[in-house]
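Colleague: I am new to this structure. Please take one part and walk me through it closely.

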Amino acid sequence: MRNLKLFRTLEFRDIQAPGKPHCFSLRTERGTVLIGSECGLIEVDPEKREVKTEITLVAEGFLPEDGSGCIVGIQGLLDQESVCVATASGDIVLCNLSTQQLECVGSVASGITVMSWSPDQELVLLATGQQTLIMMTRDFEVITEQQIHQDDFGEGKFVTVGWGSKETQFHGSEGRQAAFPVQMHESALPWDDHKPQITWRGDGQFFAVSVVCPQTGARKIRVWNREFALHSTSEPVPGLGPSLAWKPSGSLIASTQDKPNQQDVVFFEKNGLLHGQFTLPFFKDEVKVNDLLWNSDSTVLAVWLEDLPKEDSSPLKSYVQLWTVGNYHWYLKQSLPFSTSGKNQIVSLLWDPVTPYRLHIVCQGWRYLCCDWHWTTDRSSVNSASDLANVAVIDGKRVLVTVFRQTVIPPPMCTYRLMIPHPVNQVVFSAHLEKSNDLAVLDASNQISVYKCGDKPDMDPTVKLGAVGGNGFKVPLRTPHLEKRYTIQFGNNEDKEVNPLQLSLLTWIEEDAFLATSHSHSSLQSLIHRLTVVPSEITEEQGQLNVSSSVTVDGVIIGLCYNSKTKSTVIQLADGQVLKCLWEPPSLAVEPWKSSEGFPIRFAHPCTQMEVAMIGEQECVLGLTDRCRFFINDTEVASNITSFAVCDEFLLLTTHAHTCQCFSLKDASLKTLQAGLSGSQEANGEILRKVERGSRIVIVVPQDTKLILQMPRGNLEVVHHRTLVLAQIRKWLDKLMFKEAFECMRKLRINLNLIYDHNPKVFLENVETFIKQIDSVNHINLFFTELKEEDVTKTMYPSPVYKSVQVSKDPDRKNIDRICDAMRIAMENINPHKYCLSILTSHVKKTTPELEIVLQKVHQLQGNDPSVADTVSAEEALKYLLLLVDVNELYNHSLGTYDFDLVLMVAEKSQKDPKEYLPFLNTLKKMEPNYQKFNIDKYLKRYEKAIGHLSKCGPEYFTECLNFIRDKNLYKEALKLYQPDSLQYRVISVSYGEHLMREHLYESAGLVFSRCGAREKALSAFLASGSWQQALCVAAQLRLTKDKIAALARTLAGKLVEQRKHSEAAIVLEQYAQVSPSPDAPLQQEMTFLFLLMLKLKEP
């Protein structure tokens, strides 16, 4: 979806030379042009506008003095300071441009009609007047000579056994003679000069010759290989023209064909078969095609046409048309009209072999014109929300406009077409922010047609719907209408005739004002013009634009761009210098564009694409060369960029690594962009994404997430770059536009947690707004199912600038629980019937699922009136719950509600066999209620609840209860269920104490025994643990005799000594055992010493 835009023009008028030009050649290594005439040869330097060398061929007798001679071919030899010239009389002359010496290296007696060199300049081919072809080496040694007309098809002749051919088929009433049709040969076209035409393939391995067959009088194309062996002959094509051009890439040979109602450019394969065509925009017998020329990279086909004489003797014109192909459709991108008489008549034209989009033209009056084009995408400014993201494609007299905000239509189709009276050369959209959908069209007649988008109910007759049209199809689109066509009062008519593209780089800066540039034909200067609409009191279809002011710039202007937000206009010169244009009335002025440091900016290489953008707080100029070098101001930040676009606050680029990168310019700097593009820093997934090989940016839809890419073949691809998507979602969330954000996230698979994590406080405060905007139970349930505790703003989608407000988090409550509770309360307030399923989901999705509450609510739905609007039945709710929760888990929880109706309802929806659960449920129903609940809890392994229910079953179940307590170790829970003075409490305590004794927890066991009154067992436990205070206390409660207490004290003292508690042992012996110190006492020496010490301390 690109157009050819005029990059620069170079003119050299009134070259001082004798005679009239016949042909020319290029010396690209020196930048000069060699022009041949009936007098000789001259070398011209267009940049310096001077004649460097003049060589006469008349003095040496190679051309006659009467001017009847003709040069049929010129070829500059790259490795020699010489040029090869072939004359119609048959001489081949080698001219040394340094010494101006002439050498005749060969002569053909019958004359020469065509001289053609191979692309590698190793071979030269001559077509003679005797209808022969002579092949020579670069040293002009003859290799071979053959007749130009051959009876054989060639080496590539097709081999067939006849199956499926016309001769083997049944022809009905036509008879057998229909299988052998008579070949009808049409003679050559009336305007055909009957001269042979030669063209080489780009690699020099083959060449094609178009000649008029003497037997049939019609043209044929023969393909020969480099060894001069005939390869193939074209199939008979009636009306075949003389023009011939082999595509440098080698795939097709272009020629022309006159058909009954039209004239086509047709393509042949190497085997001579037709392979496609396109129709020229002229009627039959209206024009003739003088020549076809492919540019060096095979992307542009130049067609040189000329009007045929008319009966009304109206002025005749010639045209140079530039055609390109995309998605198998041929587009007419440029049309240059010239006159066919006088000084402006075209003599010849050539594409530059080095610069692909440079075209050289020589006119009859010794006038030379050089035009440079480059590819550009004509799109609207995409700087406002009202911008529809328009892209305009030039196709002859039509402008194909596609509105990408509403629909994506692959080329060559479009949303609508603008029908212009003349071929279009340039399209420009309005730079006004509120009127960026308006566009102006500059055609080949230098008229500007202005189309504006308005609310006119009637369709403009010059606007035709494209792919969105059709019978009964309502178009929700405001199509533009033609407001007026303006003629430009500029210079004199002579200038217009010499240079049909005198105005270039048209820019629509205001509603009634344009900027345009032109080039001086006498010096390397350019002019910037401000074109303003001439006010008229009468509303007419035809308006007028006048040049209100102009300014001269020293240098050739090759670029002009305008920023609608900052209203800055930037101009680029051929030497890379960047200027600022001050276009505000009353007059134009230019000044150097300076960086933030105050230095003038100059690109190191000329840039074919240029934009002005704000990077941080600095206004910068961005440029991209045709060699993929990307500049910001005068700094080269990358060398592998294939395309770029600036939209809102983002810079998007495609690279040779088949990636698309997106950078935010709002908080960026030149260094960060350079680091990101150079790959020195690892790019995160939000900035970079892979794209298809060869993808180029077409447009970015403003205030949206769509990025339109075009593939090399021409087809389109829509991608949603993660940076654009997240930025737009954040904007929607900040504006509380939850519905737009949710739909975008759902469609592009962005984690829905971002809705909450972006700003938790705002979300919780606007939960009801969120629910009302979403207004869909399914979508709310989807939001619940994606909730997780992870903060996606820190993990998955880190924000370039963290702006979200953090709320104080309760450590006891998690985010999921907080969201579920807040949304459940809001839904219950809005419409509990409508959001019933979502309310159930909020319970299930909590950190600890509240399945019992869910089941109770489902059970309550059985009593709802089905006639109430938005009511959900219990069956529907249960069926939905089975999608969220495992059926076995739900069955167990329903059983835990002790509601057998609910259990049966869940069991019926499960895959359980009724033979399994029905006997179990029937057995439970026969039990006493508390015992029933005990068995259910036991089955569900809820032992604490089970023992509670079993304790209520009565004394007859106490034995089972005690065994259950012992089996599941539920002593603590069981003791809470009985009174301390009850028998059951004593039995459970004794059992608990015995359990602790087995676990060697003697002191705890003693306390349990003591609390339940089992003092003997408590004494044994305290004695085992060495707790002498508790043991002696229990002994006192048992009222033991003094002897038994003394014996107990001795035992305790021994235990304490074993535990190395000697002081405590001494106290026990002194106070309770009544033992006196004696050397014979069975005490250790240390024990005796401590015992005596204590007695000593007690003395007065």
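Colleague: In the largest nonpolar core, which residues touch the most other members?

Modeller: Keep in mind that this is a predicted model. The largest nonpolar core has 67 residues. Ile755, Phe763, Phe783 and Met823 touch the most other members.

Take Ile755 and look around it. Leaving aside residues up to four places away in sequence, isoleucine 755 touches Leu733, Phe738, Phe742 and Met745. Isoleucine 755 also touches Phe763, Phe770 and Phe783. Two of these names have come up already: Phe763 and Phe783 are among the residues that touch the most other core members.

There is also a second core, separate from this one. That core has 44 residues, including Ile947, Ala1014, Phe1022 and Val1034.

Now for a buried residue of another kind. Glutamine 334 sits in strand S25, which covers residues 329–339. Its relative accessibility is 2%, so glutamine 334 counts as buried; the cut-off for buried is under 20%. The side chain of glutamine 334 makes a polar contact with the side chain of tryptophan 373, at 3.4 Å. Trp373 is also on the list of residues that glutamine 334 touches, not counting those up to four places away in sequence. That list further holds Leu4, Val320, Gln321, Leu322, Asn425 and Leu501.

Next, the sheets. One open sheet has 4 strands in the order S10-S11-S12-S13, paired antiparallel. Its edge strands are S10 (112–117) and S13 (142–147), and each pairs on one side only. Neighbouring strands in this sheet are turned by 15° against each other on average, direction ignored. Strand S10 is joined to strand S11 (residues 123–128) by 5 bridges. Tryptophan 117 has valine 124 in S11 as its bridge partner.

Another open sheet of 4 strands runs S42-S43-S44-S45, again with antiparallel pairing. Strands S42 (557–563) and S45 (589–592) form the edges. The twist here averages 30° from one strand to the next. Strands S42 and S43 (residues 568–573) are joined by 6 bridges. Tyrosine 562 has threonine 569 in S43 as its bridge partner.

Last, confidence. The mean pLDDT of the protein chain is 84, and 90% of its residues reach 70 or more. Two stretches call for care. Over residues 1077–1086 pLDDT stays under 50, and the model has 7 contacts for them beyond four places in sequence. Residues 1096–1100 are also below 50, with 1 contact beyond near neighbours in sequence.

Key: Residues numbered from 1 in each chain as written. Predicted model: local features only at pLDDT ≥ 70, side-chain atom pairs only at ≥ 80, totals over all residues. Heavy atoms only, no water. Pairing = 2+ DSSP bridges. Helix = DSSP H or I, 4+ residues; strand = E, 2+ residues; numbered from the N terminus. Axes fitted to C-alpha atoms, helices over the stretch in contact; angles between N-to-C directions. Core = buried A, V, L, I, M, F, W, Y, C linked by side-chain atoms within 4.5 Å. Buried < 20%, exposed > 50% of the residue type's maximum accessible area, 1.4 Å probe, protein only. Contact = heavy atoms within 4.5 Å. Polar contact = N/O pair within 3.5 Å; in protein donor to acceptor, adjacent residues only side chain to side chain. pLDDT = per-residue confidence, 0-100.
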